[in-house]
Amino acid sequence: MKTYRQLVEILNERMRKNMGKALVSFFFMSVLEGLIMSVFSIPAMALMSVDGSTGGSIVSLVFSLISIYCGFVFVMLLQYGYQVILLRFLRGKFVTLGFLFNGFRERKRIARASALFSIGFIISFILCQITVLAVNYFYPAFFKNIHFTELVGFIFLLYVFFSIILLIRFAFVWVYLADFPEEKITAVFKRCFSLLKNHTFKLIGFVLYAGGRSLLIAVAIFALSFFTPEKTEGFAGFVYSILEFIYFISAYTAAVRMFAAVPLYYLNLTEFKFEPVSSVIQLEAPPLQLPENTESDGQNKSESQNGSGGQSL
């Protein structure tokens with residue numbers, strides 16, 4: 001087992017040449033996930049606003065959750081592809097953006113794992129909604145005094161919190177499926193659950209540690225936004241726009257590093273060998289043969305003959 005510092009050194013080495021590809025893949029995945037969830041959320045919102053009766057509201061809620069659940073299943077297919085990309089980066093293998101869609105190519109197998117994973121996300125979504133409603137009921141001024149972006153960030157962090165609690169023990173499912181394509185889905189979930197026994201908080205700690213300075217900068221700017229007036233003009237507005245740009249870059253960089261920390265910790269935990277990124281082929285040199293010294297050999301032979309002749313006399 002390697003220490004956090006040793007693992008981060010490996011992460012920096014592997015991502016130094018691939019950070020651009022990882023960022024582009026992450027951004028493209030985020031856009032696709034946003035589009036997918038929008039497509040499946042629109043019917044959900046339409047169903048919720050159709051009927052105001054109690055029975056109609058319950059039916060609409062059920063169908064809305066089913067619609068969002070289907071969206072999560074498609075999102076998880078992309079998540080599998082992105083984990084495959086990161087895993088190949090860490091192993092120094094060839095990667096293209098097409099690997100992002102590996103989940104759709106292997107949909108017969110990955111879709112079942114996505115369906116199981118999405119159950120946890122639906123539960124997290126329900127818990128998040130219940131918490132938001134409770135906060136709005138007991139502290140109505142809380143949501144009135146924050147910006148819309150801050151509200152979205154708060155709900156997102158709340159959702160991430162519940163998702164981590166429910167699904168952290170299954171964090172290695174995607175990379176395990178990539179390494180063992182013949183394993184049954186239920187067996188993979190059980191193995192990953194057992195693999196993280198006594199390592200759950202270590203994984204969480206390493207993921208945060210891998211975020212590094214980018215994560216600290218993003219968190220600092222996000223916290224600063226709570227104390228920024230809603231309308232900023234002039235020089236203050238210019239500075240705030242620069243901070244938003246820095247936040248965007250830092251947040252995406254930290255997210256990519258934290259995503260990559262999961263397969264890296266998996267490799268460390270399963271004791272896979274870390275091969276160098278640019279392996280140098282070492283050829284075995286032939287044995288060195290020195291030329292024979294004929295003159296010295298001739299002198300030695302004559303001396304030995306003379307010596308033997310003297311003894312005979």
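Is Tyr 176 buried or exposed? Select Tyr 176 in this predicted model and colour by accessibility: the residue is buried, because its relative accessible area is 10%, which falls under the 20% cut-off for that class.

**Tyr 176 and its partner**

Keep Tyr 176 selected and add Tyr 266, which counts as buried at 0% relative accessibility. The ring centres of Tyr 176 and Tyr 266 lie 6.4 Å apart with their planes at 75°, so the pair is edge-to-face. This pair links distant parts of the chain, with Tyr 176 in helix H8 (residues 173-179) and Tyr 266 in helix H11, 90 residues apart.

**Other aromatic pairs**

The structure holds 27 aromatic pairs, and another to select is that of Phe 27 and Tyr 252, whose ring centres are 6.0 Å apart and whose planes meet at 50°, so the pair is tilted. Because Phe 27 lies in helix H2 (residues 19-48) and Tyr 252 in helix H11 (residues 234-269), the pair ties together parts that are 225 residues apart in sequence. Phe 27 counts as partly exposed, at 41% relative accessibility.

Next, show the rings of Phe 72, Tyr 80, Phe 117, Phe 121, Tyr 159, Phe 170, Trp 174, Phe 189 and Phe 193, which ring pairs link into a cluster.

**From Tyr 80 to Asn 102**

Tyr 80, one of the members of that cluster, also leads to Asn 102, which touches Tyr 80 and Val 84 when residues up to four places away in sequence are not counted. Asn 102 belongs to helix H4 (residues 102-105) and is buried, with a relative accessible area of 12%. Display its side chain together with that of Arg 105, and a polar contact of 2.6 Å can be seen joining the two.

**Helix H1**

Move now to helix H1 (residues 4-16), whose 13 residues reach 18 Å from the first C-alpha to the last, close to the 18 Å expected at 1.5 Å a residue. Select Leu 7, Val 8, Ile 10, Leu 11, Arg 14 and Met 15, which are the buried residues of H1. They cover an arc of only 160° around the axis, which puts them on the same side of H1. Turn the view to the face directed away from this buried side, and the exposed residues Arg 5, Glu 9 and Arg 16 appear there.

**Confidence**

Finally, colour by pLDDT: the protein chain averages 81, and 81% of the residues score at least 70. Over residues 273-288 the pLDDT is below 50, and this stretch has 10 contacts in the model beyond near neighbours in sequence. Residues 303-313 also have a pLDDT below 50, and there the model shows zero contacts beyond near neighbours in sequence.

Note on methods:
Residues numbered from 1 in each chain as written. Predicted model: local features only at pLDDT ≥ 70, side-chain atom pairs only at ≥ 80, totals over all residues. Heavy atoms only, no water. Helix = DSSP H or I, 4+ residues; strand = E, 2+ residues; numbered from the N terminus. Expected span 1.5 Å × (residues − 1). Buried < 20%, exposed > 50% of the residue type's maximum accessible area, 1.4 Å probe, protein only. Arc of directions from axis to C-beta. pLDDT = per-residue confidence, 0-100. Contact = heavy atoms within 4.5 Å. Polar contact = N/O pair within 3.5 Å; in protein donor to acceptor, adjacent residues only side chain to side chain. Phe/Tyr/Trp six-rings, centres within 6.5 Å; stacked < 30°, edge-to-face > 60°.
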